[in-house]
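Visitor: I'd like a close look at one charged corner of this protein, please. Pick a side chain, tell me what it pairs with, and follow the trail from there.

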Amino acid sequence: MVRNNRTSTVTEFLFSGFPRFEDGSLLFFIPLFIIYIFIVIGNLIVFFAVRMDTRLHNPMYNFISIFSFLEIWYTTATIPKMLSNLICEKKTISITGCLLQMYFFHSLGNSEGLLLTTMAIDRYIAICNPLRYPTIMTPQLCAQLSAGSCIFGFLVLLPEIVWISTLPFCGPNQIHQIFCDFEPVLRLACTDTSMILLEDAIHAAAIIFSVLVIAVSYVRIITVTLRIPSAEGRWKAFSTCASHLGVFLMFYGSVSLMYLRFSTTFPPTLDTVIALMFAVLAPFFNPIIYSLRNKDMKIAIKKLLRLQKVFNAPAS
């Protein structure tokens, strides 16, 4: 589809997915602010608990700590602007700001998706090939996989963002979403927008590939675990994967609802709910899952909090 050029050039976008202040937007601001603070503090606790407890210096917990660190910035790319839009009368963002928000939000999301895939492969090797695990998943390889997930996650989106930055935007300027996303922004371009279909196909292929890799890994893990003769051994194997599987289902479940719809259109309210699921709710539950479902993590967090109390205690 080609849009006719208009006389005015758009310099900023207007978010239309937020309620007005007089319509009770403050009621949404307070819980969202509390959730954001919890996400930041909760993921920082998980990150430092792993870093400061030498018993957790292994590949699985290293990946968890990096994932928690990425979650902080993943939510920071969108939630502060959401909070601002809830209390400000002018709910706008510059085109440059919009492109930066899209780039960092999706780059961090890509990095998390790659890290979740790496974590699934790590658990597959640990459970299905335990004797060779120490020689395969070395600290050097672990560091390379972590760095590679982050670097690739940020590099892969650069061409797409650069291409979008060259498109003319000359009205209308309303983004029907609570943050800048590819499909709503591309629909505002005053040029051929058929590239939206190609962009959707590329994102869908990446999501499906990651989901398949993780699903195959866990099918194999479950198969091997069920062959373990002792109930205690089976429970131990399942428990090491339960938290990761929970995070995977929340992350990719909400992402799939958002980006595997193709030509299906949802009502604006449902669109907003789905966006909140993977941009806010999934990061909110991640530190809870990792801390409550893991005995070693709970011990490390208690040690970290005790250490914090010692540092904060007044000198006698």
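Guide: Let's start with Lys303, which is partly exposed at 39% relative accessible area (buried is under 20%, exposed over 50%, partly exposed in between, with a 1.4 Å probe and protein chains only). Bear in mind that this is a predicted model, where local features need pLDDT of at least 70 and side-chain atom pairs 80 or more, while totals for chains, interfaces and linings use all residues. Numbering runs from 1 along each chain as its sequence is written, and side-chain values use heavy atoms, without hydrogens or water.

Lys303 makes a salt bridge with Asp53, the closest N and O atoms being 3.7 Å apart (the rule is a Lys or Arg side-chain nitrogen within 4 Å of an Asp or Glu carboxyl oxygen). The two come from distant parts of the chain, 250 residues apart: Lys303 belongs to helix H12 (residues 295–312), and Asp53 to the loop between helix H1 (25–52) and H2. Helices (H or I, at least four residues) and strands (E, at least two) are DSSP runs, numbered from the N terminus. Unlike its partly exposed partner, Asp53 is buried, at just 3%. Arg55 joins in as well, so to speak: Asp53, Arg55 and Lys303 are linked in a network of salt bridges.

That loop leads into H2, where 15 of the 18 residues are buried. The end C-alpha atoms of H2 are 26 Å apart, which agrees with the 26 Å expected at 1.5 Å a residue (the expected span being 1.5 Å times one less than the number of residues).

H2 also helps to line the largest cavity, whose lining is Met60, Phe63, Ile64, Met119, Asp122, Arg123, Thr240, Ser243, His244 and Tyr290. H2 (59–76), H4 (95–128) and H10 (231–259) each give two or more residues to that lining. A cavity here is a set of points on a 1 Å grid over the protein atoms alone where a 1.4 Å probe fits but can't get out, and lining residues have an atom within 4 Å of a point. Two of the lining residues bring us back to charges: Asp122 and Arg123 meet in a salt bridge (3.0 Å, N to O), and both are buried.

The whole structure has 5 salt bridges. For contrast, look at Lys90 and Glu12, with closest N and O atoms 3.8 Å apart. Lys90 is in the loop between helix H3 (79–87) and strand E2 (92–94) and Glu12 in strand E1 (12–15), so this pair ties together parts 78 residues apart in sequence. Lys90 is exposed, at 57%, while Glu12 is partly exposed, at 28%.

Key
1 Å grid on protein atoms, 1.4 Å probe; cavity = no way out; pocket = protein on both sides within 12 Å on 5 of 7 lines; lining within 4 Å.
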